[in-house]
Amino acid sequence: MQRIIEQIRELTDFKPRVGIILGSGWSEAVSQIEKPVIIEYSSLDGMPTCGVKGHAGRFVLGNLSGTDVIAMQGRFHLYEGRKPSETVLPLEVMKGLGIDKLIVTNAAGGINKKFRVGDIMVIDH
């Protein structure tokens, strides 16, 4: 993990405070990131690559509404046969780069009949 962090720091001086995991259907949200630095997972020694169709497999660092962010455009899943250590590696990298907040997006269904397609749900722990 430390080597991946070092590689990213060699490519950009952004110091992200917020991490964003872009789930299915959210990939285009990176178009809102200003001064984007795009780093393909495949260019980082020790970083797995994405196997799910539609997952770009890259980090996008930049500024979003005045805050330096790092977005995962594609992630890893246990159902792909990934090890738990592989699925959390990008999160550990983002934490190592300095994030203290994480936004997770995904496409999800619900059983509440009041929910409509496109409703935003907030999960609070």
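**A five-stranded sheet, a helix and an aromatic pair**

Five strands come together in an open sheet with mixed pairing, and their order across the sheet is β2-β3-β4-β1-β5. The edges are formed by β2 (34-40) and β5 (101-104), each of which pairs on one side only. Neighbouring strands of this sheet are turned against each other by 20 degrees on average, with direction ignored. The model described here is predicted, and the points below follow the sheet, the helix that packs on it and one pair of rings.

**Strand pairing**
- Strands of a sheet pair through backbone hydrogen bonds, and they may do so in a parallel or an antiparallel manner.
- Strand β1, which covers residues 18-22, pairs with strand β4, residues 67-73, in the parallel sense, and five bridges join the two.
- Within this part of the sheet, I21 stands opposite M72 in β4.

**Helix on the sheet**
- Helix α2 (residues 84-97) packs on the sheet, where it touches β1, β3 (58-64), β4 and β5.
- The direction of helix α2 makes about 165 degrees with that of β4.

**Aromatic pair**
- The structure holds one aromatic pair, which is formed by Y41 and F59 in an edge-to-face arrangement, with 5.0 Å from centre to centre and 70 degrees between the planes.
- Because Y41 lies in the loop between β2 and β3 while F59 belongs to strand β3, the pair ties together parts that are 18 residues apart in sequence.
- Both Y41 and F59 are buried.

Terms used:
Residues are numbered from 1 along each chain as its sequence is written. This is a predicted model: local features need pLDDT of at least 70, side-chain atom pairs count only at pLDDT 80 or more; totals for chains, interfaces and linings use all residues. Side-chain values use heavy atoms; hydrogens and water are left out. Two strands pair if DSSP finds at least two bridges between them. Helices (H or I, at least four residues) and strands (E, at least two) are DSSP runs, numbered from the N terminus. Axes are lines fitted to C-alpha atoms, for helices over the stretch in contact, and angles run from 0 to 180 degrees between N-to-C directions. Contact means heavy atoms within 4.5 Å. Rings of Phe, Tyr and Trp (its six-membered ring) pair if their centres lie within 6.5 Å; planes under 30 degrees apart count as stacked, over 60 as edge-to-face and the rest as tilted. Buried means under 20% relative accessible area, exposed over 50%, partly exposed in between (1.4 Å probe, protein chains only).
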